[in-house]
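Please read the following with the sequence and the coordinates open side by side. The paragraphs go from pairs of helices to single residues and the loops that hold them.

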Amino acid sequence: MAAAPASAAFVASRRRLFSALFSSAGVDDVDVDVDVSLARRRPGRNGILPKDLPQGPAALSFPPQSVRWLTRCTFGYTIQDHVDFLALGGNDDARWTAWVNQQLNPAAIPDSACDARVASGGFITLNKTGNQLWNDHHSITNNYYLRMLPIREAECMSIIRQIYSARQLKEVMVDFWHDHFSVFGWDYDGGPMFPEFDRVAIRPHVFGNFRTMLQAVGESASMMYMLDLYSSDAAHPNENYARELFELHTMGAENYGGIVQNPDSPANMALLGNYQAPDGEFERLKYVDDDVYETARALTGWSISGANWPYDPVNGVPLGQFVYDSSAHDQGIKRILARYFPASQGQADGINLFDMLARHPRTARHVATKICKRFVGSSPSTGLVDSATTVFMQNWQASNQIAQVLQVILQSAEFKSGWGTAMKRPAMSAVSALRSTGADFTPVPDNNGSIYTPTEEFMGRLQAAGQRLFYWPAPNGYPDDPIAWSSTGTLGMTLKMLPRLLEMHQTESYNGAYPFLINVHAQTLGAFAPNQRTAANIIGYWCDRILGYRPEPTHTVAVDFLRQNVAASAVLDLVTDGTDNGHPANTGTWNLGNLSQHYTIARLRTAIGLILCSPEFLRR
């Protein structure tokens, strides 16, 4: 049977939709003039013509400013978030100030519904101490599932909080700091200890003091295993952690000065730059390899009790807990960034090192730049970075240092006016889809059974798209650059994942006898009286739910797909359904004679999937 010809307007709008998607990901427009005789086409299709040239990003519409702001500071816009936002003041600027202040005080935001959902997961490892994780999981060598249960549960808990927590800005910053202080969660030794890393080193400090978090991360077992600090001693100092401490956690690779002989000579101090620290001492502005080696010496003896032979508790500290072992510390003098570290200072070497790096101006700029990129885009202005850097450095000892930096960024004109300079990464895309569509999803670790669970499918699809949580193997964390997520492989798997979320079922992902994770059919029926169930109404409703507005051509393309051969104002039958093995088929019925009645229920899910795959949904 020959394919029904599509209208020229429909063909053009669909081409523009997908062209705009790739344009928003940084793919430049190109002139296209394809010989029709060479086009691969179905009957009724004429190939690419000049009138079908892609629509550039500048022509794409902007959502309302409140939608833009909420999208950038949460794991995805929702109608309820917007309703709550509108109740906060008389205009958007006042509301935004109130919203930011509210989010920066997460303890004051009730979150009992999310807490209850986490509790319903039956997790057993999330609140265990390092010693308990060590005894109950790290020590297990004959049961891989039990050994790695802590990272599995931390992964599931994180997804739940990203979807359902009212403390959205906190969850966004938890995600940011996990990338900044990245550890591979599935490391054989670090994975069993991961919940304490998340609970103690990251979550309490996301709006707090960078210096405090820096040391907490350094003392955590998961980071020590990631970068081998636990095994560093005076006889064999290990530089892995020391190098990443400079390159990633504090000053940044952009401030690496290379291999320099006598870096503290007057000539090299001038060449590498220097500044006067608060105590009057001069420190270099760039680090060199000698600083890495000396830092490795300064941190010798920082370890995990029981991690090294003979695997007994050290200094009476319980197994699995941080311990400073003075017998393993290099007590000699050291010079780091031109600062003199006297001999025999013990653990104070490391503490003074963290102080020095946390107050350093290049640390302030490196970290402030990364936070700006997360909220503004990959190329924040020098002025905004300067402002954030100044606040970061001036408040390096403040308990709310990071919150003050966020205030500068989120209240800036650059943040408020910008849009489309970043894109949602695969994990945020998936969570955003679950949030905006009202999903009922409580991921729990797969128990190695024969049932293909929705959790197993969801985590697998994130992994296939390149961003399963805590799964980045290198210490630099998942990239925050749109180009990194715009390849055909990653973007293709993301676009495959998003509409699939609408088809997944509770308990057993492909078993239609179970309820959907996202029952868009029931939500649509509940939103409209039978005589109001038109393609125009339904698509408008779901554009508002998912995007916060009705952009073109996305809106029209989805309406055309849902209506098929009837008017956009025609009432659709979303009730008549078939059966499948004794349960509703959830598809509608076969009717090629009238495409508007052909598998209408399934077509509804596909139309909503088109919105989820739109460039507007993926933009930030």
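Helix 9 and helix 10 are roughly perpendicular to each other, in what is a predicted model. Helix 9 covers residues 168–180 and helix 10 covers residues 194–202; their axes are 11 Å apart and make an angle of about 115°. Angles of 65 to 115 degrees count as roughly perpendicular, which is why this pair is described that way. The crossing of helix 9 with helix 10 is right-handed. On the helix 9 side the contact is made by V174, W177 and H178, and on the helix 10 side by F194, F197, D198 and I202. Sorted by class, the residues in this contact are five nonpolar, one polar and one charged.

A second pair is formed by helix 5 and helix 8. Two packed helices are described by the angle between their axes and the distance between the axes. For helix 5 (residues 112–120) and helix 8 (residues 149–164) the angle is about 155° and the axes are 10 Å apart. Angles over 145 degrees count as roughly antiparallel, and helix 5 and helix 8 are therefore roughly antiparallel to each other. Their crossing is right-handed. C114, D115, R117 and V118 are the helix 5 residues in the contact, and they meet M157, I160, R161 and Y164 of helix 8. By class, this contact between helix 5 and helix 8 has five nonpolar residues, three charged residues and no polar ones.

One residue of that contact can be followed further. R161 is found in helix 8. Is R161 buried or exposed? With a relative accessible area of 17%, R161 is buried, because buried means under 20%. Setting aside its neighbours within four places in sequence, R161 is in contact with D111, C114, D115, V118, Q168, E171 and R203. Among these partners, C114, D115 and V118 are helix 5 residues that take part in the packing against helix 8.

Further along the chain is helix 27, residues 600–612. At 1.5 Å a residue, its 13 residues should span 18 Å, and the end C-alpha atoms are 19 Å apart, which agrees. How many of the 13 residues of helix 27 are buried? The number is 11, so helix 27 is largely enclosed by the rest of the structure. The buried residues are T600, I601, A602, R603, L604, R605, A607, I608, G609, I611 and L612. What covers them includes helix 21 (426–436), helix 23, helix 24 (520–527), helix 25 (535–546), helix 26 (554–563) and helix 28 (615–618).

Helix 23, one of the elements covering helix 27, spans residues 488–500 and holds G492. At 30% relative accessibility, G492 counts as partly exposed. G492 and G466 are 26 residues apart in sequence, and their C-alpha atoms are 11 Å apart in space.

Helix 25 and helix 26 also belong to the cover of helix 27, and the loop between helix 25 and helix 26 contains P553. The peptide bond from E552 to P553 is cis, with omega near 10°. After helix 26, the loop leading to strand 7 (579–580) contains Q564. Q564 has a positive phi, near 60°, and is a residue other than glycine. Its relative accessibility of 26% makes Q564 count as partly exposed.

Another cis peptide bond joins W309 and P310, where omega is about 10°. P310 is in the loop between strand 3 (302–304) and strand 4 (322–324). Where does L337 lie? L337 is in the loop between strand 5 (334–336) and strand 6 (339–341). L337 has a positive phi of about 55° although it is not a glycine. With a relative accessible area of 0%, L337 is buried.

The last stop is a loop residue paired in space with a residue elsewhere in the sequence. A235 lies in the loop between helix 12 (221–227) and helix 13 (240–249). Its relative accessible area is 59%, so A235 is exposed. A235 and A328 are 93 residues apart along the chain, and their C-alpha atoms are separated by 7.9 Å.

Key. Residues numbered from 1 in each chain as written. Predicted model: local features only at pLDDT ≥ 70, side-chain atom pairs only at ≥ 80, totals over all residues. Heavy atoms only, no water. Axes fitted to C-alpha atoms, helices over the stretch in contact; angles between N-to-C directions. Helix = DSSP H or I, 4+ residues; strand = E, 2+ residues; numbered from the N terminus. Parallel < 35°, antiparallel > 145°, perpendicular 65-115°, else oblique. Left-handed = near helix turned anticlockwise from the far one by under 90°. Contact = heavy atoms within 4.5 Å. Nonpolar A, V, L, I, M, F, W, Y, C, P; charged D, E, K, R; others polar. Buried < 20%, exposed > 50% of the residue type's maximum accessible area, 1.4 Å probe, protein only. Expected span 1.5 Å × (residues − 1).
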